[in-house]
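Colleague: I have the entry open now, and I would like to go through one of its sheets with you. Shall we start?

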Amino acid sequence: MSESRKVLIIGSGPAGLTAAIYTARANLEPLVFEGIQPGGQLTITTDVENYPGFPEGVMGPDMMELFRTQAQKFGAQTQFRHVTKVDFSKRPFKVWSDQELTLADSVIISTGATAKLLGLDNETELMGHGVSACATCDGFFFKDKQVLVVGGGDAALEEANFLTRFASKVTVIHRRDTFRASKIMQERINKNPKIDVRWNSAVTKIHGNAQNGGLTAVTLTDTQNGSESDYPLDGLFLAIGHYPNTDLFKDQLPLDAKGYLVTEGKSSRTTIPGIFACGDVQDSVYRQAVTAAGSGCMAAIDAEHFLEEQA
Ligand code: NDP
C-alpha cells in the first residue's frame with residue numbers, strides 16, 4: 001500500500017522547511033523528503049550573519065536544525081529520503097524514493113541549486129574555512145584580506161566588486177583571456193583599483209587544513225604553457241556558475257533557458273495545478289536563505305488555496 005499525503009515537500013533547505021512550517025500550521029500534515037543534502041546549501045556554510053532575527057549570527061547547519069525543529073513542532077514529518085522519480089501526469093501525483101511510492105494531492109518542489117565546484121581535493125573540506133561559493137554570504141569575513149575569485153562571468157565580476165568592500169585586494173582568475181561577463185561589469189572592475197585580473201590561469205590545487213587554520217594557498221596553472229606557481233591567500237571564492245537541481249522534473253515541467261523551474265508571475269505555481277516550486281530551484285537571481293524562505297511561505301499558501309479549491 002502506498003502512503004498518501006495532502007502535501008509532499010521535496011527538499012529541506014530554507015524554502016522546503018518554511019513550506020513545511022506553514023503547511024503544518026494549516027493542518028495539512030506535510031511530509032518532507034529531505035534529500036541527499038538535508039538542510040541544503042546552508043549546511044556547507046559556517047556563520048550566517050544576514051538572516052534577520054539573528055543579530056549575533058548563526059551557524060548555517062544550526063539554523064537549518066532550528067527550521068526543522070520548528071516544522072516538526074507543528075506536525076510536519078521529515079524523512080531522510082531521496083526522490084528518484086516523479087510522475088505528475090495526473091492526480092494524485094506519484095513520487096518514488098528508491099522503490100517506495102508516495103501519492104500526493106499537491107507537491108512543493110524545493111530541491112535548490114548547487115554551486116559548481118572545481119572538483120579539486122580539499123575543496124569541499126575547506127568550504128567555510130577560506131573557500132566559499134557565495135560572496136554575499138561570506139565576504140564580510142575577509143576584512144583587509146587577500147582573496148581570489150575564480151570565473152569570468154557576470155557572477156564572478158559582481159562578486160569581485162562586492163568583495164572590495166571588505167578585502168584589501170581581489171584577484172580575478174580566469175581560464176581564458178576574455179571575459180564572458182557583460183561589458184558594464186568589465187568596465188566596473190577595470191575602474192576598481194583593488195581588483196586585478198590574472199588571465200589564462202586556473203586554480204589546480206588548494207592547500208590548507210580545515211582543522212588547522214583553513215585555507216593557506218592555491219596552486220595556479222597557466223592554461224597556455226602549463227607552468228605552475230603557488231599563491232598564498234586568505235580566501236578563495238568560486239563563481240563558476242550554479243546548476244538547479246531539476247533533473248527529476250525536466251520531462252514533466254517547463255524549465256527556463258538556464259534549467260530553472262518556471263513559476264507563474266508572483267506565485268509559486270508551475271504549469272501543473274497542484275505542483276509548486278520555491279527557493280533556488282526557481283530563482284537564478286537572488287539565491288538567499290531569506291528569499292528562499294519567503295518563497296517557501298508563498299508555496300505553502302498557494303498549496304493551501306489549491307487544496308481548498310479541490311475540497
Ligand atoms: P556563467 O556561466 O555566465 O559564467 C561562468 C564562468 O565560470 C565562465 O567565465 C566560465 O569560463 C567559468 N568557469 C566555468 N567552469 C569553470 C571551471 N571548471 N574552471 C574555471 N572556470 C570555470 O555563470 P554566472 O554564474 O557568472 O552567471 C550565470 C547567469 O546569471 C549569466 O547569464 C549571467 O549573465 C547572470 N548573472 C547576471 C548578473 C548581473 O547581471 N548583475 C550577476 C550574476 C549573474 P568560460 O568563460 O571560459 O566558459
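Colleague: How many bridges join S15 to S16, and which way do the strands run?

Modeller: Bear in mind that this is a predicted model; in it, five bridges join S15 to S16, and the two strands run antiparallel. One of the pairs is Val218 with its bridge partner Tyr231 in S16.

Colleague: And what lies between those two strands?

Modeller: S15 and S16 form a hairpin with five residues between the strands, and there Gly226 takes a positive phi near 80°.

Colleague: How many bridges does S15 make with S14?

Modeller: Eight bridges join S14 to S15, which covers residues 214-222, and this pairing is antiparallel as well. Among the facing residues, Ile206 stands opposite Val218, while Lys205 has Thr219 as its bridge partner in S15. These strands also form a hairpin, with four residues between them, and Gly213 in the turn has a positive phi of about 90°.

Colleague: Stepping back, what is the strand order, and is the sheet open or closed?

Modeller: The three strands form an open sheet in the order S14-S15-S16, with antiparallel pairing. The edge strands are S14, residues 201-209, and S16, residues 228-232, each of which pairs on one side only. From one strand to the next, the twist averages 25°.

Colleague: Changing topic, why is S15 described as largely enclosed?

Modeller: Seven of its nine residues are buried, so S15 is largely enclosed by the rest of the structure; buried here means under 20% relative accessible area.

Notes:
Residues numbered from 1 in each chain as written. Predicted model: local features only at pLDDT ≥ 70, side-chain atom pairs only at ≥ 80, totals over all residues. Heavy atoms only, no water. Pairing = 2+ DSSP bridges. Axes fitted to C-alpha atoms, helices over the stretch in contact; angles between N-to-C directions. Buried < 20%, exposed > 50% of the residue type's maximum accessible area, 1.4 Å probe, protein only.
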